[in-house]
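Trainee: I have a model open and would like to work through it. Can we go step by step?

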There are 2 protein chains.
Amino acid sequence: MSSFEHGLADVTPVLTRASERLAARFDGVVNAETVERVVFESYATLARTAKITEHLPALAEHFAGDRLTALGQSRGMIAKPHPEILFVCVQNSGRSQMAAALTTLVAGERVNVRSAGSQPGEFILPAVREVLTEIGADLEHQYPKPLTDDVVRAADVVVTMGCGDACPLYPGKRYEDWDLDDPADLDVDGVRRVRDEIRARVEKLAGEIAPSD
Amino acid sequence: MSSFEHGLADVTPVLTRASERLAARFDGVVNAETVERVVFESYATLARTAKITEHLPALAEHFAGDRLTALGQSRGMIAKPHPEILFVCVQNSGRSQMAAALTTLVAGERVNVRSAGSQPGEFILPAVREVLTEIGADLEHQYPKPLTDDVVRAADVVVTMGCGDACPLYPGKRYEDWDLDDPADLDVDGVRRVRDEIRARVEKLAGEIAPSD
(Lines give C-alpha, C1' and ligand atoms only; values in the text may rest on other atoms or scores of the structure.)
Protein backbone atom coordinates (compact mmCIF):
# COMPACT_ATOMS: atom_id res chain seq x y z
CA MET A 1 0.00 0.00 0.00
CA SER A 2 2.72 2.46 0.94
CA SER A 3 4.05 4.84 -1.68
CA PHE A 4 7.52 4.35 -0.21
CA GLU A 5 7.62 1.05 -2.03
CA HIS A 6 7.64 3.08 -5.24
CA GLY A 7 10.90 4.76 -4.26
CA LEU A 8 9.50 8.04 -2.98
CA ALA A 9 11.40 9.36 0.00
CA ASP A 10 10.25 10.46 3.42
CA VAL A 11 11.34 14.10 3.63
CA THR A 12 11.22 14.26 7.42
CA PRO A 13 14.97 13.82 8.06
CA VAL A 14 16.08 16.45 5.52
CA LEU A 15 13.43 18.96 6.63
CA THR A 16 14.27 18.33 10.29
CA ARG A 17 17.91 19.18 9.60
CA ALA A 18 16.81 22.31 7.70
CA SER A 19 14.67 23.28 10.71
CA GLU A 20 17.65 22.89 13.03
CA ARG A 21 19.85 25.08 10.81
CA LEU A 22 17.18 27.79 10.62
CA ALA A 23 16.39 27.59 14.34
CA ALA A 24 20.07 28.29 15.04
CA ARG A 25 20.10 31.16 12.51
CA PHE A 26 16.94 32.75 13.96
CA ASP A 27 17.77 32.03 17.60
CA GLY A 28 16.28 34.78 19.76
CA VAL A 29 14.05 35.98 16.91
CA VAL A 30 11.65 33.08 16.29
CA ASN A 31 11.29 30.05 18.54
CA ALA A 32 12.28 26.58 17.36
CA GLU A 33 8.73 25.21 17.25
CA THR A 34 7.58 28.01 14.95
CA VAL A 35 10.66 27.57 12.75
CA GLU A 36 9.94 23.85 12.38
CA ARG A 37 6.32 24.55 11.43
CA VAL A 38 7.31 27.20 8.87
CA VAL A 39 9.79 24.78 7.26
CA PHE A 40 7.35 21.84 7.01
CA GLU A 41 4.44 24.03 5.90
CA SER A 42 6.68 25.74 3.31
CA TYR A 43 7.49 22.32 1.94
CA ALA A 44 3.83 21.25 1.89
CA THR A 45 2.69 24.41 0.15
CA LEU A 46 5.40 24.23 -2.53
CA ALA A 47 4.69 20.51 -3.03
CA ARG A 48 1.05 21.26 -3.79
CA THR A 49 1.86 23.00 -7.06
CA ALA A 50 5.44 22.09 -7.95
CA LYS A 51 5.89 19.84 -10.97
CA ILE A 52 9.49 18.94 -10.32
CA THR A 53 9.97 17.70 -6.78
CA GLU A 54 13.68 16.92 -6.88
CA HIS A 55 14.91 20.21 -5.40
CA LEU A 56 11.86 20.81 -3.26
CA PRO A 57 13.45 20.34 0.18
CA ALA A 58 16.18 22.88 -0.75
CA LEU A 59 13.60 25.33 -2.10
CA ALA A 60 11.50 24.86 1.03
CA GLU A 61 14.49 25.70 3.22
CA HIS A 62 15.18 28.82 1.15
CA PHE A 63 11.53 29.88 1.19
CA ALA A 64 11.25 29.25 4.94
CA GLY A 65 14.44 31.25 5.57
CA ASP A 66 13.05 34.21 3.66
CA ARG A 67 9.70 33.97 5.47
CA LEU A 68 11.43 33.88 8.87
CA THR A 69 13.54 36.89 7.86
CA ALA A 70 10.34 38.71 6.93
CA LEU A 71 8.81 37.77 10.29
CA GLY A 72 11.86 39.08 12.14
CA GLN A 73 11.75 42.29 10.07
CA SER A 74 8.07 42.83 10.79
CA ARG A 75 8.83 42.52 14.53
CA GLY A 76 11.73 44.97 14.30
CA MET A 77 14.15 42.23 15.36
CA ILE A 78 15.94 42.02 12.01
CA ALA A 79 17.23 45.20 10.42
CA LYS A 80 15.53 46.44 7.27
CA PRO A 81 17.99 49.00 5.92
CA HIS A 82 16.08 49.52 2.65
CA PRO A 83 12.38 49.85 1.78
CA GLU A 84 10.80 46.46 1.15
CA ILE A 85 8.52 46.01 -1.87
CA LEU A 86 6.29 42.98 -2.28
CA PHE A 87 4.99 42.22 -5.78
CA VAL A 88 2.00 39.87 -5.99
CA CYS A 89 0.35 38.41 -9.07
CA VAL A 90 -1.73 35.28 -9.60
CA GLN A 91 0.86 32.65 -10.53
CA ASN A 92 4.15 34.31 -9.45
CA SER A 93 5.44 33.02 -12.77
CA GLY A 94 5.29 36.21 -14.88
CA ARG A 95 4.35 39.74 -13.81
CA SER A 96 5.48 39.69 -10.18
CA GLN A 97 8.72 37.91 -11.07
CA MET A 98 9.44 40.51 -13.77
CA ALA A 99 8.63 43.38 -11.41
CA ALA A 100 10.96 42.02 -8.72
CA ALA A 101 13.85 41.40 -11.13
CA LEU A 102 13.40 44.78 -12.87
CA THR A 103 13.29 46.63 -9.55
CA THR A 104 16.60 45.06 -8.59
CA LEU A 105 17.99 45.95 -12.02
CA VAL A 106 16.78 49.56 -11.75
CA ALA A 107 17.29 50.34 -8.07
CA GLY A 108 19.96 47.85 -7.01
CA GLU A 109 20.44 47.77 -3.27
CA ARG A 110 18.37 50.88 -2.59
CA VAL A 111 15.34 48.61 -2.20
CA ASN A 112 14.71 45.00 -1.31
CA VAL A 113 12.10 43.00 -3.21
CA ARG A 114 9.99 39.93 -2.69
CA SER A 115 7.36 38.37 -4.95
CA ALA A 116 4.51 35.90 -4.50
CA GLY A 117 1.39 34.53 -6.15
CA SER A 118 -2.19 34.03 -5.03
CA GLN A 119 -2.32 30.73 -6.93
CA PRO A 120 1.30 29.87 -7.71
CA GLY A 121 2.07 28.23 -11.05
CA GLU A 122 4.33 25.28 -11.72
CA PHE A 123 7.28 27.23 -13.16
CA ILE A 124 8.39 30.67 -14.33
CA LEU A 125 7.27 31.25 -17.93
CA PRO A 126 10.11 30.63 -20.43
CA ALA A 127 9.26 33.83 -22.36
CA VAL A 128 9.59 35.81 -19.13
CA ARG A 129 13.04 34.36 -18.50
CA GLU A 130 13.99 35.15 -22.10
CA VAL A 131 12.98 38.83 -22.12
CA LEU A 132 14.61 39.45 -18.74
CA THR A 133 17.86 37.71 -19.62
CA GLU A 134 18.23 39.80 -22.81
CA ILE A 135 18.36 43.01 -20.76
CA GLY A 136 20.56 41.63 -18.00
CA ALA A 137 17.91 41.11 -15.33
CA ASP A 138 18.37 38.06 -13.16
CA LEU A 139 15.85 35.34 -12.37
CA GLU A 140 18.32 32.82 -11.05
CA HIS A 141 17.16 31.00 -7.90
CA GLN A 142 13.59 32.29 -8.39
CA TYR A 143 10.56 30.03 -8.27
CA PRO A 144 6.77 30.47 -7.95
CA LYS A 145 5.68 30.64 -4.31
CA PRO A 146 2.45 31.42 -2.51
CA LEU A 147 1.61 34.69 -0.84
CA THR A 148 2.10 34.31 2.90
CA ASP A 149 1.22 36.55 5.81
CA ASP A 150 4.81 37.04 6.96
CA VAL A 151 6.04 38.66 3.73
CA VAL A 152 3.04 41.01 3.63
CA ARG A 153 3.83 42.14 7.19
CA ALA A 154 7.45 42.86 6.31
CA ALA A 155 6.56 44.97 3.26
CA ASP A 156 6.50 48.76 3.11
CA VAL A 157 4.87 48.73 -0.33
CA VAL A 158 2.59 46.01 -1.70
CA VAL A 159 1.94 46.01 -5.45
CA THR A 160 -0.79 43.66 -6.64
CA MET A 161 -1.19 42.72 -10.30
CA GLY A 162 -4.42 40.91 -11.12
CA CYS A 163 -5.07 39.63 -7.60
CA GLY A 164 -5.90 42.68 -5.49
CA ASP A 165 -8.42 40.95 -3.22
CA ALA A 166 -6.08 38.10 -2.37
CA CYS A 167 -3.73 40.15 -0.21
CA PRO A 168 -4.26 40.83 3.51
CA LEU A 169 -4.44 44.53 4.29
CA TYR A 170 -2.41 45.95 7.13
CA PRO A 171 -2.22 49.59 8.11
CA GLY A 172 0.90 51.66 7.56
CA LYS A 173 1.71 50.19 4.17
CA ARG A 174 1.37 51.63 0.71
CA TYR A 175 -0.82 49.44 -1.50
CA GLU A 176 -0.91 49.79 -5.30
CA ASP A 177 -2.73 47.80 -7.94
CA TRP A 178 -1.17 47.67 -11.40
CA ASP A 179 -3.30 46.74 -14.40
CA LEU A 180 -1.10 44.71 -16.75
CA ASP A 181 -1.65 42.04 -19.40
CA ASP A 182 -0.86 38.51 -18.27
CA PRO A 183 2.32 37.23 -19.99
CA ALA A 184 0.81 33.73 -20.01
CA ASP A 185 -1.54 34.92 -22.78
CA LEU A 186 1.12 36.66 -24.90
CA ASP A 187 3.86 35.85 -27.41
CA VAL A 188 7.44 36.96 -26.74
CA ASP A 189 6.92 40.42 -28.27
CA GLY A 190 3.89 40.90 -26.06
CA VAL A 191 5.88 39.85 -23.01
CA ARG A 192 8.58 42.38 -23.99
CA ARG A 193 5.92 45.10 -24.06
CA VAL A 194 4.70 44.13 -20.56
CA ARG A 195 8.32 44.05 -19.39
CA ASP A 196 8.89 47.62 -20.61
CA GLU A 197 5.66 48.80 -19.03
CA ILE A 198 6.68 47.23 -15.72
CA ARG A 199 10.14 48.79 -16.00
CA ALA A 200 8.64 52.27 -16.39
CA ARG A 201 6.41 51.67 -13.37
CA VAL A 202 9.19 50.34 -11.13
CA GLU A 203 11.46 53.25 -12.13
CA LYS A 204 8.75 55.64 -10.98
CA LEU A 205 8.07 53.69 -7.79
CA ALA A 206 11.76 53.33 -6.89
CA GLY A 207 12.28 57.03 -7.56
CA GLU A 208 9.53 57.83 -5.09
CA ILE A 209 10.38 55.50 -2.23
CA ALA A 210 14.15 55.24 -2.66
CA PRO A 211 15.53 58.15 -4.71
CA SER A 212 19.11 57.63 -5.83
CA ASP A 213 20.31 60.70 -3.95
CA MET B 1 -3.11 55.38 -1.44
CA SER B 2 -4.26 53.06 1.31
CA SER B 3 -6.99 50.54 0.56
CA PHE B 4 -8.40 51.27 4.02
CA GLU B 5 -9.90 54.39 2.52
CA HIS B 6 -12.11 52.08 0.48
CA GLY B 7 -13.62 50.62 3.61
CA LEU B 8 -11.60 47.42 3.82
CA ALA B 9 -10.75 46.50 7.36
CA ASP B 10 -7.49 45.67 9.04
CA VAL B 11 -7.97 42.11 10.28
CA THR B 12 -5.18 42.27 12.85
CA PRO B 13 -7.39 42.89 15.93
CA VAL B 14 -9.87 40.11 15.18
CA LEU B 15 -7.14 37.61 14.29
CA THR B 16 -5.16 38.58 17.38
CA ARG B 17 -8.18 37.80 19.57
CA ALA B 18 -8.63 34.49 17.73
CA SER B 19 -4.96 33.71 18.39
CA GLU B 20 -5.41 34.40 22.10
CA ARG B 21 -8.46 32.11 22.29
CA LEU B 22 -6.63 29.31 20.50
CA ALA B 23 -3.43 29.81 22.52
CA ALA B 24 -5.50 29.29 25.68
CA ARG B 25 -7.21 26.22 24.20
CA PHE B 26 -3.91 24.65 23.09
CA ASP B 27 -1.93 25.73 26.16
CA GLY B 28 0.76 23.12 26.85
CA VAL B 29 0.35 21.59 23.39
CA VAL B 30 1.49 24.33 20.98
CA ASN B 31 3.23 27.54 22.04
CA ALA B 32 1.57 30.92 21.62
CA GLU B 33 3.93 32.16 18.90
CA THR B 34 3.21 29.13 16.74
CA VAL B 35 -0.53 29.48 17.34
CA GLU B 36 -0.44 33.12 16.24
CA ARG B 37 1.46 32.21 13.07
CA VAL B 38 -0.96 29.37 12.23
CA VAL B 39 -3.92 31.74 12.65
CA PHE B 40 -2.52 34.55 10.49
CA GLU B 41 -1.17 32.18 7.84
CA SER B 42 -4.51 30.32 7.77
CA TYR B 43 -6.19 33.64 7.09
CA ALA B 44 -3.69 34.57 4.37
CA THR B 45 -3.99 31.23 2.62
CA LEU B 46 -7.82 31.26 2.65
CA ALA B 47 -7.82 34.89 1.47
CA ARG B 48 -5.77 33.94 -1.58
CA THR B 49 -8.60 31.94 -3.12
CA ALA B 50 -11.78 32.91 -1.29
CA LYS B 51 -14.32 34.88 -3.28
CA ILE B 52 -16.41 35.98 -0.34
CA THR B 53 -14.28 37.55 2.35
CA GLU B 54 -16.99 38.45 4.86
CA HIS B 55 -16.68 35.35 7.05
CA LEU B 56 -12.99 34.84 6.41
CA PRO B 57 -11.70 35.66 9.92
CA ALA B 58 -14.17 33.17 11.43
CA LEU B 59 -13.23 30.50 8.87
CA ALA B 60 -9.55 31.19 9.52
CA GLU B 61 -10.06 30.64 13.25
CA HIS B 62 -11.91 27.38 12.58
CA PHE B 63 -9.28 26.20 10.09
CA ALA B 64 -6.43 27.14 12.47
CA GLY B 65 -8.16 25.33 15.34
CA ASP B 66 -8.43 22.16 13.28
CA ARG B 67 -4.81 22.44 12.13
CA LEU B 68 -3.61 22.87 15.72
CA THR B 69 -5.71 19.88 16.79
CA ALA B 70 -4.04 17.87 14.03
CA LEU B 71 -0.61 19.04 15.19
CA GLY B 72 -1.39 18.02 18.75
CA GLN B 73 -2.68 14.64 17.54
CA SER B 74 0.46 14.02 15.46
CA ARG B 75 2.56 14.68 18.58
CA GLY B 76 0.46 12.33 20.69
CA MET B 77 -0.60 15.23 22.93
CA ILE B 78 -4.24 15.23 21.83
CA ALA B 79 -6.14 11.95 21.90
CA LYS B 80 -7.13 10.39 18.61
CA PRO B 81 -9.73 7.83 19.64
CA HIS B 82 -10.70 6.96 16.07
CA PRO B 83 -8.74 6.41 12.86
CA GLU B 84 -8.19 9.68 11.00
CA ILE B 85 -8.76 9.76 7.23
CA LEU B 86 -7.60 12.67 5.09
CA PHE B 87 -9.21 13.07 1.66
CA VAL B 88 -7.33 15.26 -0.82
CA CYS B 89 -8.41 16.38 -4.27
CA VAL B 90 -7.44 19.39 -6.40
CA GLN B 91 -10.03 22.01 -5.42
CA ASN B 92 -11.52 20.59 -2.19
CA SER B 93 -14.82 21.61 -3.71
CA GLY B 94 -16.09 18.26 -5.01
CA ARG B 95 -14.54 14.81 -4.63
CA SER B 96 -12.75 15.21 -1.29
CA GLN B 97 -15.74 17.02 0.24
CA MET B 98 -18.06 14.22 -0.90
CA ALA B 99 -15.71 11.54 0.41
CA ALA B 100 -15.49 13.21 3.83
CA ALA B 101 -19.25 13.72 4.14
CA LEU B 102 -20.04 10.20 2.91
CA THR B 103 -17.54 8.64 5.31
CA THR B 104 -19.24 10.40 8.20
CA LEU B 105 -22.62 9.25 6.87
CA VAL B 106 -21.45 5.65 6.52
CA ALA B 107 -19.16 5.21 9.51
CA GLY B 108 -20.36 7.87 11.93
CA GLU B 109 -18.05 8.32 14.87
CA ARG B 110 -16.00 5.20 14.15
CA VAL B 111 -13.69 7.40 12.08
CA ASN B 112 -12.75 11.05 11.93
CA VAL B 113 -12.33 12.77 8.56
CA ARG B 114 -10.59 15.81 7.16
CA SER B 115 -10.42 17.05 3.58
CA ALA B 116 -8.18 19.44 1.66
CA GLY B 117 -7.21 20.54 -1.84
CA SER B 118 -3.91 21.01 -3.64
CA GLN B 119 -5.30 24.14 -5.34
CA PRO B 120 -8.44 25.06 -3.40
CA GLY B 121 -11.40 26.43 -5.33
CA GLU B 122 -13.59 29.36 -4.44
CA PHE B 123 -16.59 27.42 -3.17
CA ILE B 124 -18.09 23.93 -2.89
CA LEU B 125 -19.83 22.98 -6.15
CA PRO B 126 -23.63 23.48 -5.93
CA ALA B 127 -24.29 20.11 -7.60
CA VAL B 128 -22.16 18.43 -4.94
CA ARG B 129 -24.19 20.05 -2.19
CA GLU B 130 -27.38 18.97 -3.95
CA VAL B 131 -26.55 15.28 -4.36
CA LEU B 132 -25.27 15.02 -0.79
CA THR B 133 -28.26 16.79 0.75
CA GLU B 134 -30.69 14.45 -1.03
CA ILE B 135 -29.19 11.43 0.76
CA GLY B 136 -28.84 13.14 4.13
CA ALA B 137 -25.11 13.79 4.09
CA ASP B 138 -23.99 17.03 5.67
CA LEU B 139 -21.76 19.72 4.19
CA GLU B 140 -22.64 22.44 6.66
CA HIS B 141 -19.66 24.47 7.86
CA GLN B 142 -17.46 23.03 5.10
CA TYR B 143 -15.32 25.19 2.81
CA PRO B 144 -12.43 24.62 0.39
CA LYS B 145 -9.08 24.74 2.17
CA PRO B 146 -5.50 24.01 1.18
CA LEU B 147 -3.59 20.87 2.04
CA THR B 148 -1.28 21.59 4.97
CA ASP B 149 1.49 19.59 6.57
CA ASP B 150 -0.21 19.34 9.96
CA VAL B 151 -3.31 17.48 8.73
CA VAL B 152 -1.18 15.03 6.73
CA ARG B 153 0.84 14.24 9.87
CA ALA B 154 -2.31 13.57 11.90
CA ALA B 155 -3.78 11.17 9.32
CA ASP B 156 -3.70 7.40 9.51
CA VAL B 157 -5.01 7.06 5.96
CA VAL B 158 -4.48 9.57 3.13
CA VAL B 159 -6.68 9.20 0.06
CA THR B 160 -5.70 11.33 -2.93
CA MET B 161 -8.05 11.93 -5.85
CA GLY B 162 -6.44 13.54 -8.88
CA CYS B 163 -3.52 15.11 -7.01
CA GLY B 164 -1.31 12.21 -5.88
CA ASP B 165 2.01 14.05 -6.20
CA ALA B 166 0.85 17.05 -4.19
CA CYS B 167 0.81 15.29 -0.83
CA PRO B 168 3.85 14.93 1.44
CA LEU B 169 4.66 11.31 2.19
CA TYR B 170 5.30 10.23 5.73
CA PRO B 171 6.00 6.69 6.88
CA GLY B 172 3.49 4.71 8.89
CA LYS B 173 0.46 5.90 6.96
CA ARG B 174 -1.71 4.14 4.45
CA TYR B 175 -1.81 6.03 1.15
CA GLU B 176 -4.42 5.35 -1.52
CA ASP B 177 -5.11 7.04 -4.84
CA TRP B 178 -8.66 6.91 -6.17
CA ASP B 179 -9.33 7.49 -9.86
CA LEU B 180 -12.63 9.40 -10.11
CA ASP B 181 -14.21 11.80 -12.59
CA ASP B 182 -14.10 15.45 -11.53
CA PRO B 183 -17.61 16.69 -10.60
CA ALA B 184 -16.68 20.11 -11.99
CA ASP B 185 -16.97 18.61 -15.49
CA LEU B 186 -20.28 16.78 -14.92
CA ASP B 187 -24.01 17.46 -14.79
CA VAL B 188 -26.02 16.55 -11.69
CA ASP B 189 -26.60 12.95 -12.83
CA GLY B 190 -22.88 12.57 -13.42
CA VAL B 191 -22.15 13.94 -9.95
CA ARG B 192 -24.65 11.42 -8.50
CA ARG B 193 -22.72 8.62 -10.22
CA VAL B 194 -19.43 9.86 -8.71
CA ARG B 195 -21.14 10.16 -5.32
CA ASP B 196 -22.28 6.52 -5.46
CA GLU B 197 -18.83 5.37 -6.56
CA ILE B 198 -17.26 7.25 -3.65
CA ARG B 199 -19.83 5.79 -1.26
CA ALA B 200 -18.93 2.25 -2.30
CA ARG B 201 -15.24 3.03 -1.80
CA VAL B 202 -15.65 4.65 1.62
CA GLU B 203 -17.83 1.74 2.79
CA LYS B 204 -15.02 -0.63 1.87
CA LEU B 205 -12.35 1.58 3.46
CA ALA B 206 -14.32 2.15 6.67
CA GLY B 207 -15.02 -1.58 6.88
CA GLU B 208 -11.29 -2.27 6.72
CA ILE B 209 -9.95 0.35 9.13
CA ALA B 210 -12.92 0.72 11.48
CA PRO B 211 -15.22 -2.31 11.29
CA SER B 212 -18.55 -1.76 13.01
CA ASP B 213 -17.90 -4.58 15.49
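Trainee: Through what do the copies meet, judging by the interface residues of chain A and chain B?

Mentor: This is a predicted model, in which local features need pLDDT of at least 70, side-chain atom pairs count only at pLDDT 80 or more, and totals for chains, interfaces and linings use all residues. Residues are numbered from 1 along each chain as its sequence is written, while chains are lettered from A and ligands numbered from 1 in the order in which they are written. Of the interface residues of chain A, 100% are also interface residues in chain B, so the copies meet through the same surface.

Trainee: What relation between chain A and chain B does the superposition give?

Mentor: Two copies of a chain are related by a rotation about an axis and a shift along it. Here chain A is superposed on chain B by a rotation of 180° with 0.0 Å of shift along the axis, at RMSD 0.0 Å (least squares on the C-alpha atoms of residues with pLDDT of at least 70 in both). That is the relation of a two-fold axis.

Trainee: In chain A, which residue has the C-alpha nearest the axis?

Mentor: The C-alpha in question lies 2.4 Å from the axis. It belongs to A:Thr34.

Trainee: In what order do the elements of chain A run?

Mentor: Helices (H or I, at least four residues) and strands (E, at least two) are DSSP runs, numbered from the N terminus. Chain A has seven helices and four strands. From the N terminus on, the order is α-α-α-β-α-β-α-α-β-β-α.

Key:
Contact = placed C-beta atoms within 7 Å.
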